[in-house]
Amino acid sequence: AGLSHWIPLNVFMTEGPLLFALPGLVFSVAALVEKGAGGEPVFPMFDWRSRVLAAAIVLAAAAMGWQTWGRARAWKNEENLWKTEAARHPKAALPEIELMATLLRPGNREAILAAQQRARALAGPADLDRIVEYEARLDLLEKDLVALKSLLERELDAKRPTQPGHLGELAALAESMNFKELAEELWRKELNVDPKSFAANYNLAQIEFQRKNDQAALELAARAAQFANRKQRAPAFAQYAEVLTDLGLMDEAIRQFEEALKIDSSMYIPYLRLAQIYWGRKDYAGAENALARGLRDANVSSYVDLATIYLSIMSEQGRAAEAMQWLMQAIQNYPTDMPLRLLAAKALLQQREYPRARQVYQSLAGLNQAQQAEVLVGLGQVAYDGDHDHAGAERLWRQALRLDPRQKTARALLIRIGVDPDSPVGPSVAPNPTKP
C-alpha cells in the first residue's frame, strides 16, 4: 500500500510560497466569478451572494491552512511520516520497510530491529529481499563483519526465490568488504536468477580475466556488453576490449575501445590501452594520437601514466629532448598534478639537470608518506651527484627510510655508499665517491 493520505500543500511548497499561494487562489477565484463572458459582473460587488462566496473561499483557505499546519506537525520528518502510514495500514509491510530505511541514517538500532520484526511478519518474497538488504546495511553500519558475513552466507543458501538484482546488491556489498569468494558465489547465483544481469556478467568477467581464464572472460564480457544499458555500455565495451587485448585480438580490441570512447570520451584506461597497442605495433603516430586525445578528454586526477608512455615512445624514437620539453610544459598546464610533477623531477635527474630537478622536487606538495620518501630519495641523489654533498645525501636517504621503511631505493643507495641503513645515525662507514 502506498501513501493514502491527501498530500497537503506543505509537501510541495514551503511556508513562504504558501503565504502567496493562498491569497492568490482567493483572488483568482473571486476574479473569475466577478466577471462574466462579456466582462460584466456576475454578482454585484456588495451583493449578499458575493459575500457568501467570499466567505466560503476564505473558510476553504483557512481549512486548507489548518490541514497543512496539522500535517506539518505530524510529518515534521520522514520517520514520523512512515510511522503514521504504518499505523494506518497495520497489515502492510511497505511502511515498515521504508521506516527501516529511514532509521538507518541515524542508526537507531532498537527502532530498526522493531520495524524489522514487524516487517518480516507481514512480508512477501519481494519484501524479504529489501529487508535483508537493510539488515546487511545495518551490520555494515555497526561494523559487525561477522554478522554481515553470516547474513550473506544464509542468503546464499536460502531456497526462496529472489528478485533480479537482490543477490547482486549483496555481492557488491561482499566485494566492498573483501569477501571475495562469497562475492563470486553471490554473483553466480544472481546470474542464475537473471542471465541478462549486466552487473553479474560484468563482475564475473573481471574475476575470470584476473584468473587468466580468457575464454570464460570473453564470453561473460560479450554478454555484459550485450545487456548493458546506455550508461553501462562504455565500461562494458572497455572491459570486452581488455579481454580481447589479452587474447591478442588487437584489431577487434581497438574497435571496442573506440566504441567505448564514442559513448564516454572521459574514460582514461582506453586511451592508455590504445597507446600501448599502437606502440607495440611501432605505430608511433597512432600512439601519440591516442595520448593526445587522452590528455584533452580524459577525466582523471593524474596524467602520469599517459606521460610515462609518451616519454618511452619519444625516447625510443631518439626524441628524448623533445619529450622533456613536452613534460616541462605539461607540469605547467597541470600544476596540481603532483604524480606528474614527480615524474618530471625523476626525468630531470636522469638527464643530470640537477638544479632544475631540485626545483621541481621542492615544488611538490600534498604528497602521501611514500611519495614524500621518494622526494627525499631524489633530493639525496641531487645532493650526492650534483653537489657532491655525501653527508647531506646520507641524511636525506636515512630520513626517507624513516618515513617509509620499505623504500628500497634509499636502502640500496645507502649500502652502495658503504652505510649500514639499519645502523644509528652517524658518519658513513666508508664513503664511496662512485655514483650511486
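**Exercise 1. Locate Asn178 and describe its backbone and exposure.**

Step 1. Asn178 sits in the loop between helix 8 (166–176) and helix 9. Helices (H or I, at least four residues) and strands (E, at least two) are DSSP runs, numbered from the N terminus.

Step 2. Asn178 is not a glycine, yet its phi is positive, about 65°.

Step 3. Asn178 is exposed, because its relative accessible area is 53%. Buried means under 20% relative accessible area, exposed over 50%, partly exposed in between (1.4 Å probe, protein chains only).

This is a predicted model: local features need pLDDT of at least 70, side-chain atom pairs count only at pLDDT 80 or more, and totals for chains, interfaces and linings use all residues. Residues are numbered from 1 along each chain as its sequence is written, and side-chain values use heavy atoms, with hydrogens and water left out.

**Exercise 2. Do the analysis again for Arg352.**

Step 1. Arg352 belongs to the loop between helix 18 (338–350) and helix 19 (354–363).

Step 2. Its phi is positive, about 60°, although Arg352 is not a glycine.

Step 3. With a relative accessible area of 56%, Arg352 is exposed.

**Exercise 3. Which residues form the patch of negative charge, and which helices supply them?**

Step 1. Glu153, Asp157, Glu181 and Glu185 gather in this patch on the surface. Patches take residues with over 30% relative accessible area and no salt bridge; like charges are joined within 9 Å, nonpolar side chains (Val, Leu, Ile, Met, Phe, Trp, Tyr) within 5 Å. A salt bridge is a side-chain nitrogen of Lys or Arg within 4 Å of a carboxyl oxygen of Asp or Glu. Asp and Glu count as negative, with the charge placed at CG of Asp or CD of Glu.

Step 2. Helix 7 (145–157) and helix 9 (180–193) each supply at least two of the patch residues.

Step 3. Take Glu153, in helix 7. Glu153 counts as partly exposed because its relative accessibility is 36%.

**Exercise 4. Is Glu155 buried or exposed, and what does Glu155 contact?**

Step 1. Glu155 also lies in helix 7.

Step 2. Its relative accessible area is 7%, so Glu155 is buried.

Step 3. Set aside neighbours within four places in sequence. Glu155 then contacts (heavy atoms within 4.5 Å) Asp129, Val132, Arg160, Thr162, His166, Leu167, Leu170 and Lys189.

**Exercise 5. Summarise the whole protein.**

Step 1. Count secondary structure: 22 helices and zero strands.

Step 2. Of the 436 residues, 41% are buried.

Step 3. Take contacts between residues at least 6 apart in sequence: 51% join residues at least 24 apart.

Notes: Accessible areas come from the Shrake-Rupley method with a 1.4 Å probe; for residues, only the protein chains shown count as cover.
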